[in-house]
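Colleague: Hi! Could you walk me through this one, step by step?
Modeller: Happy to, let's put it on the screen.

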Amino acid sequence: MLKTMYDKIWGHHVVEDRGNGMALLYIDRHLVHEVTSPQAFDGLRAAGRKIHRPDSIIAVPDHNVPTKDRHLPNPDPMSTAQLTALEANVKEFGLEYIPMDDVRQGIVHVVGPEQGFTQPGVTLVCGDSHTSTHGAFGALAFGIGTSEVEHVLATQTLQLKKSKNMRVSVTGILSKGCTAKDVALAIIGAIGTGGGTAHVIEFAGPVIEALTMEGRMTLCNMSIEAGARAGLVAPDAKTFEYVKGRPYAPKGGQWDAAVAYWASLSSDDGAMFDKEIVIYGSEIAPQVTWGTSPEDVVPITGYVPQIKSFADPAKQEAVEKALAYMGLAEGQAMTDVKVDRVFIGSCTNSRIEDIREVAEVVKGRKVASSIIEALVVPGSGLVKYQAEEEGLDQILVEAGFEWREPGCSMCLAMNPDKAGAGEHVASTSNRNFVGRQGPGARTHLVSPAMAAAAAIAGHFVDVRDL
Amino acid sequence: MEKFIKVSSIATPFPRVNIDTDIIIPAKHLKSIKRTGFGEHAFETIRFTAEGARIEDNIFDGEKYKGAKILITGDNFGCGSSREHAPWAIAELGFRCIIAPSFADIFAGNCVKNNILTVELPQEQVDALVIAAEAGHQIHIDLNEQTVCCENAFYEFEYNPTHKEMLLGGLDEVGQTLQSGAAISAYEDKTKMMTPWLYRG
Ligand code: SF4
């Protein structure tokens with residue numbers, strides 16, 4: 001029988017078939033951070049259970065680490081309690097831990113690939129929905145809740161129902177100024193935030209093949225915003241090249257065996273998908289969101305939609321609420337929306353390529369005086385180091401950006417990096433939910449280049465015109 | 001875990017689409033290292049003003065729906081983050097069952113682990129239940145029979161058999177899986193040969 005990549009990876013990991021599409025699935029890799037793990041470790045302790053395979057785990061703090069003044073005591077006692085709990089837990093259970101002062105520290109979804117921990121064909125989980133990022137390598141990677149974190153720690157498995165297969169093909173070529181982020185937003189705009197529910201999405205087609213590994217990570221990162229359980233891209237020469245030589249990568253004779261195995265994972269020609277979507281890559285323009293759901297998105301050349309243009313009454317009501325929250329009017333041109341704050345970072349767009357894109361746009365220019373704050377938060381200490389080697393931090397600082405230490409930062413505002421009520425934020429993160437970047441904050445999701453252009457102009461602009 | 005069989009109660013109608021986990025429990029409240037204490041912050045933007053004052057007669061705290069164990073809501077409920085704090089917070093508000101046209105996958109999975117039943121019904125049936133809830137009618141949910149009934153409506157719903165067994169039996173999933181220890185070891189022995197690079201030390 002012809003199989004999709006998802007069918008193959010799933011099949012390779014079934015420990016026990018439980019019928020009804022349910023299986024006990026083996027988990028190869030587990031990333032742990034401070035927010036969703038303390039209750040899981042407590043559960044283990046309470047039941048007197050051990051961790052099944054400590055060698056399958058890397059723990060790293062990211063969600064509420066400060067991005068500046070790290071030498072000072074953390075002003076937030078609750079954050080400190082979570083960070084201390086993680087440290088105590090990794091010590092007690094003997095796990096590999098990357099502390100805050102280590103150059104490898106960063107957002108879990110940036111760290112995993114950098115360490116070669118993320119590899120094609122593995123099952124990889126983390127108590128965080130954007131675990132879908134790792135699907136860029138052809139890994140079956142998905143977010144889990146805290147009870148499941150405990151289940152994986154204790155048993156190395158999860159009891160799961162197999163999802164359905166969906167393929168999103170992006171044809172043609174991307175026009176200049178368009179990035180993986182624009183592809184991700186355009187797909188979500190087309191299929192909606194529920195478009196991928198109960199499915200695993202395989203991204204395919206010439207545009208996807210042409211993306212760099214960073215770009216593929218950005219795209220797979222946002223598959224959760226399309227409602228999918230996970231995203232996948234078939235591993236190819238670019239993937240192998242990226243993994244090669246990293247600390248966790250297969251070494252010596254095992255490398256060739258691994259590559260041969262990885263190359264066998266792509267979907268068979270003619271394999272059936274339960275749902276197929278085709279997007280024309282050449283029609284994608286830089287995207288910007290106007291509402292409070294990632295599906296509320298238009299091209300930068302577009303306008304805030306009319307409420308009546310939505311057929312579903314429930315959606316009309318949601319749009320009305322969203323526009324009131326965002327302080328936008330129907331029919332307003334997106335380029336008329338003023339920006340108060342800029343955030344470049346998050347597991348969606350904080351890799352070296354993203355920082356390079358920003359530097360290219362802002363080089364020799366200045367952040368508009370009306371901008372309260374423009375932050376660049378690299379995804380990891382290694383990204384930060386690399387950017388500094390290339391002198392990118394200088395370009396950014398000269399333009400008026402702040403250059404910070406790695407972490408999740410204003411993506412979810414659990415640390416001191418927040419936007420104020422009513423402020424419009426050009427953000428390279430993945431969620432524009434109500435209050436996500438601070439109570440009352442108005443998030444607009446964009447690519448790094450678009451965020452950089454907005455910082456310079458003081459309002460949204462088409463980066464292609466700059 | 002307590003066994004789940006039937007729930008009979010009035011229901012809180014909250015028919016909004018795409019309710020995300022940031023609305024259910026905002027990130028700033030995720031800093032606790034415990035499993036409890038999230039209920040008071042659940043649906044914060046709906047229950048409290050930006051200054052922190054309780055909004056008069058909001059559906060979660062008002063007299064009308066006090067004691068409701070059932071929440072009726074819109075499409076794609078629970079989308080967004082994987083935080084299990086969302087079902088913890090909902091459970092603390094007293095809900096044991098959520099009815100909606102559809103749920104986000106991770107959220108629905110987290111509910112099972114926390115003894116909350118998610119019932120998917122077609123939009124028209126959900127709409128009818130919203131009207132019944134607003135009228136203050138009792139709604140009866142029977143997991144064993146997989147039925148929802150109230151006044152003169154009677155609906156059947158689909159539910160994952162494995163999850164049903166877990167909820168009905170009040171099972172500890174980790175304990176249950178550990179009984180498959182031999183199968184897990186056998187799997188590891190096999191893959192140590194096939195993909196040895198995934199094992200260290
Ligand atoms: S950067 Fe944002 S989306 Fe990514 S893991 Fe951190 S909080 Fe989650």
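Colleague: Let's start with C126(A): is this residue buried or exposed?
Modeller: C126(A) is buried, and its relative accessible area is 0%. Keep in mind that this is a predicted model.

Colleague: Okay, and how far is C126(A) from the nearest cysteine sulfur?
Modeller: The nearest cysteine sulfur belongs to C347(A) and is 9.6 Å away, and C126(A) is in no disulfide.

Colleague: How many disulfides are there over all chains, then?
Modeller: There are 0, going by a search of the whole structure.

Colleague: What about C111(B), why is there no bond to C97(B)?
Modeller: C97(B) holds the cysteine sulfur closest to that of C111(B), but the two are 9.6 Å apart, so they are too far from each other for a bond. To count as a disulfide, the sulfur atoms would have to be within 2.5 Å. As for surroundings, C111(B) is buried, because its relative accessibility is 0%.

Colleague: Switching topic! Which residues surround the ligand?
Modeller: From chain A you get H63(A), I107(A), H109(A), D128(A), H130(A), S346(A), C347(A), C408(A), C411(A), L412(A), N430(A) and R436(A).

Colleague: And how many of the shell residues are nonpolar, polar or charged?
Modeller: The shell around the ligand has 5 nonpolar residues, 5 polar ones and 2 charged ones.

Colleague: I see S346(A) on that list. Where does S346(A) lie in chain A?
Modeller: You'll find S346(A) in the loop between β15 (341-344) and α12. S346(A) is also buried, with 0% relative accessibility.

Colleague: What is the phi of S346(A)?
Modeller: The phi of S346(A) is near 85°, which is a positive value in a residue other than glycine. A413(A) is another one to look at: this residue is not a glycine, yet its phi is positive, at about 55°.

Colleague: Where is A413(A), and is the residue buried or exposed?
Modeller: A413(A) sits in the loop of chain A between β17 (402-403) and β18 (424-427). With a relative accessibility of 4%, A413(A) counts as buried.

Colleague: You mentioned α12. How do α12 and α13 of chain A cross?
Modeller: Helix α12 covers residues 352-362 and helix α13 covers residues 381-389; their axes come within 9 Å and cross at roughly 40°. That angle is why α12(A) counts as oblique to α13(A). The crossing of these two, α12(A) and α13(A), is right-handed.

Colleague: And at what angle do α12(A) and α14 of chain A cross?
Modeller: The crossing angle with α14 (residues 392-399) is roughly 45°, and the axes come within 9 Å. That makes α12(A) oblique to α14(A). Is it left-handed or right-handed, this crossing of α12(A) and α14(A)? Left-handed.

Colleague: Staying in chain A, where is V103(A)?
Modeller: V103(A) belongs to the loop between β5 (96-97) and α4 (108-114). V103(A) is partly exposed, at 42% relative accessibility. From V103(A) to I371(A), the C-alpha atoms are separated by 30 Å, with the two positions 268 residues apart along the chain.

Colleague: Now chain B. How many helices and strands does chain B have?
Modeller: Chain B has 8 helices and 8 strands. Its C-alpha atoms fill a box of roughly 65 × 45 × 25 Å along the principal axes. Chain B has 201 residues, and 58% of them count as buried.

Colleague: How do α3 and α4 of chain B pack?
Modeller: Helix α3 (residues 85-92) and helix α4 (residues 105-113) of chain B have axes 9 Å apart, at an angle of about 55°. So α3(B) is oblique to α4(B), and their crossing is right-handed.

Colleague: Last two! Are A42(B) and K66(B) buried or exposed?
Modeller: A42(B) is buried, at 0% relative accessibility, whereas K66(B) is exposed, with a relative accessible area of 56%. A42(B) is in the loop between α1 (21-24) and α2 of chain B, while K66(B) is in the loop between α2 (44-47) and β3 (70-73).

Key: Residues are numbered from 1 along each chain as its sequence is written. Chains are lettered from A and ligands numbered from 1 in the order in which they are written. This is a predicted model: local features need pLDDT of at least 70, side-chain atom pairs count only at pLDDT 80 or more; totals for chains, interfaces and linings use all residues. Side-chain values use heavy atoms; hydrogens and water are left out. Buried means under 20% relative accessible area, exposed over 50%, partly exposed in between (1.4 Å probe, protein chains only). A residue is near a molecule or strand if one of its heavy atoms lies within 4 Å of it. Ala, Val, Leu, Ile, Met, Phe, Trp, Tyr, Cys and Pro count as nonpolar, Asp, Glu, Lys and Arg as charged, and the others, Gly among them, as polar. Axes are lines fitted to C-alpha atoms, for helices over the stretch in contact, and angles run from 0 to 180 degrees between N-to-C directions. Helices (H or I, at least four residues) and strands (E, at least two) are DSSP runs, numbered from the N terminus. Angles under 35 degrees count as roughly parallel, over 145 as roughly antiparallel, 65 to 115 as roughly perpendicular and the rest as oblique. A crossing is left-handed if the near helix is turned anticlockwise from the far one by less than a right angle, and right-handed if clockwise.
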